[in-house]
Amino acid sequence: MSSVNDIQPGQIYVIKRDGSRVEFDGSKIEKAIEKVFIEVDGADIAKSPEIQNEIQTLSKSVEGTVRGRLSGSGIAYIEDIQDQVELHLMRQSRLHIAKAYVLYRSKRNQERSLSVNLTQEQVHEQRIREIISVAVEGL
């Protein structure tokens, strides 16, 4: 992985929840917004030209805000990007869509939390098995 000093002018990286860094991909914002529109309004409505245009406009607006807030660092955090999606949805009076997006984020955070706890339990269980294996070795 390259260092922050390796970032070229205009290049943006996103810091994910696990601390890893990936190149910014604006299409992911558009996909996330489209998914929530589909979830709330259904695929037929969400795929209409008017809604697709709105999704693209919202996505570009979020991307512009993210780029404008970087202060030349080239680093954005996933949570900040998602916060901007929420804000832009609310500003466009898409409160029902924003609410669904907030609820989705909350659900995903709970799922990640459960996943982390499960992984920690699995590590702990594996460690116990190793200790027992060493303890009974040669009996």
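The largest pocket in this predicted model holds about 890 Å³ of space. Of the 27 residues that line this pocket, K28, A32, I78, Q82 and Y104 are the closest to its centre. The chain around the pocket has 139 residues, of which 29% count as buried. Here's a quick tour, starting with the pocket and then moving on to the fold, the core and a handful of individual residues.

**The largest pocket**
- Four elements each give two or more residues to the lining: β2 (21–23), α1 (26–41), α4 (78–91) and α5 (95–136).
- Which element supplies the largest share of the lining? That would be α5, with 8 residues.
- By residue type, the lining splits into 13 nonpolar, 13 charged and just 1 polar.

**The overall fold**
- The chain has 5 helices and 3 strands.
- Walk along the sequence and you get the pattern β-β-α-α-α-β-α-α.
- If you take the contacts with a separation of 6 or more, 53% of them join residues 24 or more positions apart.

**The nonpolar core**
- The largest nonpolar core has 22 residues, and those with the most contacts inside it are F24, I29, I33, F37, I81, V85 and L89.
- Two or more residues of this core come from each of α1, α3, α4 and α5.
- The largest share belongs to α3, which gives 5 residues.
- As a general point, nonpolar side chains in soluble globular proteins tend to be buried together.
- F24 is a good residue to click on: beyond its neighbours within four places in sequence, F24 is in contact with I12, Y13, V14, I29, E63, V66, R67 and I81.

**Charged residues that are buried**
- E63, one of the contacts of F24, lies in helix α3.
- Is E63 buried or exposed? E63 counts as buried because its relative accessibility is 14%, and the cut-off for buried is under 20%.
- Setting aside neighbours within four places in sequence, E63 is in contact with F24, G26 and I29; F24 and I29 are also among the core residues with the most contacts.
- R105 sits in helix α5.
- R105 has a relative accessibility of 9%, so R105 counts as buried too.
- Which side chain does the side chain of R105 make a polar contact with? The partner is the side chain of D83, at 3.0 Å.
- Not counting residues up to four places away in sequence, R105 touches E79, Q82, D83, E86 and R112. Q82 turns up elsewhere as one of the residues closest to the centre of the largest pocket.

**Loops worth a look**
- R69 is in the loop between α3 (49–68) and β3 (75–77).
- R69 counts as exposed because its relative accessibility is 59%, with the cut-off for exposed being over 50%.
- R69 and D80 are 11 residues apart in sequence, and their C-alpha atoms are 9.9 Å apart in space.
- K47 is in the loop between α2 (43–46) and α3.
- At 48% relative accessibility, K47 counts as partly exposed.
- The C-alpha atoms of K47 and E34 are separated by 8.4 Å, with their positions 13 residues apart along the chain.
- E34 is also a contact of K47, as are I38 and Q52, once neighbours within four places in sequence are left aside.
- S93 is in the loop between α4 and α5.
- What is the phi of S93 near? Its phi is near 60°, a positive value in a residue other than glycine.
- S93 has a relative accessibility of 60%, so S93 counts as exposed.

**Where α1 meets a later stretch of the chain**
- V40 is in helix α1.
- With a relative accessible area of 30%, V40 is partly exposed.
- How many residues apart in sequence are V40 and I97? They are 57 residues apart, with their C-alpha atoms 6.6 Å apart in space.
- I97 is also one of the residues in contact with V40, along with H96 and A100, leaving aside neighbours within four places in sequence.

Terms used. Residues are numbered from 1 along each chain as its sequence is written. This is a predicted model: local features need pLDDT of at least 70, side-chain atom pairs count only at pLDDT 80 or more; totals for chains, interfaces and linings use all residues. Side-chain values use heavy atoms; hydrogens and water are left out. On a 1 Å grid over the protein atoms alone, a cavity is a set of points where a 1.4 Å probe fits but cannot get out, and a pocket is an open set with protein on both sides within 12 Å along at least five of seven lines; lining residues have an atom within 4 Å of a point. Grid points are joined across faces, edges and corners, and a volume is the space filled by probe spheres set on the points. Ala, Val, Leu, Ile, Met, Phe, Trp, Tyr, Cys and Pro count as nonpolar, Asp, Glu, Lys and Arg as charged, and the others, Gly among them, as polar. Buried means under 20% relative accessible area, exposed over 50%, partly exposed in between (1.4 Å probe, protein chains only). A polar contact is a pair of N or O atoms within 3.5 Å; within protein, one must be able to donate a hydrogen and the other to accept it, and residues adjacent in sequence count only if both atoms are side-chain atoms. Contact means heavy atoms within 4.5 Å. A nonpolar core is a set of buried Ala, Val, Leu, Ile, Met, Phe, Trp, Tyr and Cys residues joined through side-chain atoms within 4.5 Å.
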